[in-house]
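Could you walk me through this protein, strand by strand and then into its interior? I have the sequence and the model open and would like a guided reading.

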Amino acid sequence: MHNFSIEISNKDQEKIINQIVTSDNFQEKKNENYLFMDHDDRDNREYLLNYKYPQYYTRKIQTKIDGKIVAIDLEIGLKDNILTYAKWEK
């Protein structure tokens, strides 16, 4: 698993949040438990999910890279300009 957090500019934060919010499948969630009902992590289908939780926005991606299923999570907090990135192979 690869993960890191970086501080981004206000402009970059606004751009990423706008991409998440204007996506066709954007949903606001009350808590993270809803995600697990929406999607089974053992599923190998490709997807792109966009959510807003009370504390952050997130974009969850699962796709094939070089024939392997790769999951990527991007999170942006509401109170700071920290972008968190996590990537792992399934």
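Lys52 stands opposite Tyr57 in strand 4, and that pair is a good place to start in this predicted model. On the neighbouring strand 2, Glu28 also stands opposite Lys52, which belongs to strand 3. Tyr51 has its own partner in strand 4, namely Thr58.

Now let your eye follow the strands themselves. Strand 3 covers residues 47-52 and pairs with strand 2, residues 27-28, in the parallel sense over two bridges. Strand 3 also runs antiparallel to strand 4, residues 56-65, with six bridges joining the two. Between strand 3 and strand 4 sits a hairpin of three residues. As a reminder, strands in a sheet pair through backbone hydrogen bonds, in either a parallel or an antiparallel arrangement.

Zooming out, these strands are part of an open sheet of six strands, ordered 1-6-5-4-3-2, with mixed pairing. Its edges are strand 1, residues 2-7, and strand 2, each of which pairs on one side only. The protein as a whole has two helices along with the six strands, and the pattern along the sequence reads β-α-β-α-β-β-β-β.

Where does helix 1 lie? Helix 1, residues 10-21, lies across strand 3, strand 4 and strand 5 (68-77), and runs at about 70° to strand 4.

With the helix in view, let us look at two residues on the strands, beginning with Asn50. Asn50 lies in strand 3. Is Asn50 buried or exposed? Asn50 is buried, because its relative accessible area is 0%, and the cut-off for buried is under 20%. The side chain of this polar residue is not without a partner: Asn50 makes a polar contact with the side chain of Ser23, at 3.1 Å. Setting aside residues up to four places away in sequence, Asn50 touches Ile20, Ser23, Asn25, Phe26, Gln27, Thr58 and Arg59.

The second residue to find is Ile76, whose place is in strand 5. With a relative accessible area of 1%, Ile76 counts as buried too. Which residues does Ile76 touch, not counting those up to four places away in sequence? They are Ile8, Gln13, Ile16, Ile17, Tyr56, Tyr57, Ile82 and Leu83. You can also locate Ser5: the C-alpha atoms of Ile76 and Ser5 are separated by 9.6 Å, although the two residues are 71 residues apart along the chain.

Ile76 leads us straight to the interior. The largest nonpolar core has six residues, and Ile76 is one of them, together with Ile8, Ile17, Ile20, Tyr57 and Leu83. Apart from that core lies another, of five residues, including Leu49, Tyr51, Tyr53 and Tyr56. Some residues from earlier in our tour return here: Tyr57, which faced Lys52, belongs to the six-residue core, while Tyr51, which faced Thr58, belongs to the five-residue one.

To finish, here is the protein in overall terms. Of its 90 residues, 33% count as buried. The accessible surface comes to about 6300 Å², and carbon and sulfur atoms account for 47% of that. Among contacts between residues at least 6 apart in sequence, 42% join residues at least 24 apart.

Definitions and conventions:
Residues are numbered from 1 along each chain as its sequence is written. This is a predicted model: local features need pLDDT of at least 70, side-chain atom pairs count only at pLDDT 80 or more; totals for chains, interfaces and linings use all residues. Side-chain values use heavy atoms; hydrogens and water are left out. Helices (H or I, at least four residues) and strands (E, at least two) are DSSP runs, numbered from the N terminus. Buried means under 20% relative accessible area, exposed over 50%, partly exposed in between (1.4 Å probe, protein chains only). Contact means heavy atoms within 4.5 Å. Accessible areas come from the Shrake-Rupley method with a 1.4 Å probe; for residues, only the protein chains shown count as cover. Two strands pair if DSSP finds at least two bridges between them. Axes are lines fitted to C-alpha atoms, for helices over the stretch in contact, and angles run from 0 to 180 degrees between N-to-C directions. A polar contact is a pair of N or O atoms within 3.5 Å; within protein, one must be able to donate a hydrogen and the other to accept it, and residues adjacent in sequence count only if both atoms are side-chain atoms. A nonpolar core is a set of buried Ala, Val, Leu, Ile, Met, Phe, Trp, Tyr and Cys residues joined through side-chain atoms within 4.5 Å.
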